[in-house]
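Student: I would be grateful for a close look at one part of this model, namely the pairing of its strands. Please treat the strand partners and their residue contacts in one connected account.

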Amino acid sequence: MILLFSLAACGGIYNSPTVTAETTAVGDVTVAQINAQNLAAANGSPYRPRTLPAIFSRTTGTSGSAVGAGALPAAAFLPEDRPANLPTLLPPPEDPTAYKIGVGDVILLSTPNAGDTVEALAGLLAAQTQRQGYTVQDDGAITIPDVGRIRLAGLSLEEAEAEIFQALVGRQIDPTFSIEIAEFNSQQVALGGAVRNPTSVAITLKPLTLNTALTAAGGLAVADRDYASIRLYRGGKLYQIPVTAYLSDPSIQTLALKDGDSIYVDTEFDLEKAQGYFAQQIQLANFRQSARQAALTQLETEIGLRRNELEEARENYLTRVELDSVERDYVYIAGEVGVQSRFTLPFERTASLADALFSQSEGVPNRTGNISELYVLRASNSGSGVTAWHLNALNAANLVLATKFELRPNDVVFVAEQPVTALDRLVSQLAPSIALARTL
């Protein structure tokens with residue numbers, strides 16, 4: 001008799017939580033099914049994910065001040081003597097190679113006139129035309145708006161086209177474009193001495209030959225060709241071509257020139273004067289190289305300071321996030337899940353029901369959780385009433401809907417327990433009472 005009274009008294013000890021359509025303390029509870037037809041309505045509630053601070057999208061940039069090369073050395077001049085004859089010393093033959101883009105070159109990007117393509121590349125090219133030039137900077141890269149920095153120095157035109165194509169595809173921009181070199185500034189051949197217009201001639205896509213370079217300088221300006229010579233300085237070595245040999249031999253006239261070559265036309269065969277001219281060219285090149293290196297060092301220092309400032313600001317913000325001092329949006333996970341927890345909605349994107357279930361909560365245990373009774377409890381915007389979005393995942397195919405159902409701040413994800421689990425827990429609570437009754 002006492003045992004039966006104890007069982008009756010313990011009948012209300014364990015109450016399994018459930019979700020039912022009824023009136024509660026927060027208002028009426030409405031149960032709605034999560035299916036393909038209702039998914040748009042469930043995701044239609046307005047919500048804008050919180051954004052990261054601007055310091056996480058800001059870059060250090062590459063702007064900086066340049067360093068001057070200083071005064072250039074004076075031209076060399078020494079007395080000259082005429083020798084009896086002029087030997088010919090030609091440089092070793094060079095196989096022509098594809099033009100390599102270098103610092104100072106201007107790369108021109110062009111797009112077709114189609115309207116859709118122009119709109120797709122609106123952040124890439126100038127607004128008024130379909131053609132925009134980009135100068136290869138000291139670090140060998142160009143900067144394209146909305147794409148970023150692309151390193152092109154040392155690449156052929158075909159390789160540069162492939163590099164830009166990959167960058168545009170990576171940014172999901174229509175990669176319909178053409179590329180050409182508008183200005184050739186990185187590879188030069190210097191000409192001086194007995195020419196009409198001493199100058200520097202740029203090397204372009206077409207190989208630069210000796211006769212083309214001399215023509216660009218206005219041609220030879222020598223009174224006595226028998227004692228005039230063309231000096232070619234290349235790679236630390238000095239080569240010599242008598243003017244008479246140059247004029248009579250077409251193979252010498254079409255001699256291919258290289259970047260950094262210096263040509264000096266001497267009217268009286270003065271080797272020391274030629275060496276002084278080339279020494280001046282070397283000194284000038286060293287000055288420019290030193291100035292460029294100083295500018296790069298200064299720029300790297302400035303970028304390093306800006307980078308350290310950004311990193312410190314980002315670390316401070318992340319520390320505030322770890323200390324929970326930054327306002328965030330949360331979803332609460334309860335019921336028969338692996339771990340009941342608070343799920344933090346991510347920055348700058350929405351999270352799905354599947355994200356919350358299979359991250360911190362570690363999913364639904366097969367032994368205790370009732371996967372057919374999975375709910376997302378969402379309060380109405382007015383503050384009165386709750387919509388219980390129900391997902392029956394007993395058919396595992398319905399879990400696909402969990403990956404498309406978007407969560408909102410303060411949603412409560414609830415998973416009911418298996419009926420046998422409720423019975424097992426009730427028995428476990430009654431067991432002490434039954435054992436006590438047996439002792440009486």
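Tutor: Two strands are said to pair if DSSP finds at least two bridges between them. The model discussed here is predicted. With that criterion in place, strand S8 (residues 188–193) and strand S12 (residues 262–266) run parallel and are joined by four bridges. Within this pair, Gly-193 has Val-265 of S12 standing opposite.

Both strands belong to an open sheet of five strands, whose order is S9-S8-S12-S10-S11 and whose pairing is mixed. At the edges of this sheet lie strand S9 (199–202) and strand S11 (237–242), each of which pairs on one side only. From one strand to the next, the twist averages 20 degrees.

A further set of pairings centres on strand S13 (residues 330–335). With strand S14 (residues 341–344), S13 pairs in the antiparallel sense, over four bridges. The two strands, S13 and S14, form a hairpin, and five residues lie between them. One contact can be named here: Ile-333 has Ser-341, in S14, as its bridge partner.

S13 also pairs with strand S17 (residues 412–417), in this case in the parallel sense and over four bridges. In this pairing, Ala-334 stands opposite Phe-414 of S17. To draw the account of S13 together, this strand is antiparallel to S14 and parallel to S17. The neighbouring positions in the numbering, Ile-333 and Ala-334, are thus placed by their partners: Ser-341 for Ile-333, and Phe-414 for Ala-334.

Key. Residues numbered from 1 in each chain as written. Predicted model: local features only at pLDDT ≥ 70, side-chain atom pairs only at ≥ 80, totals over all residues. Heavy atoms only, no water. Axes fitted to C-alpha atoms, helices over the stretch in contact; angles between N-to-C directions.
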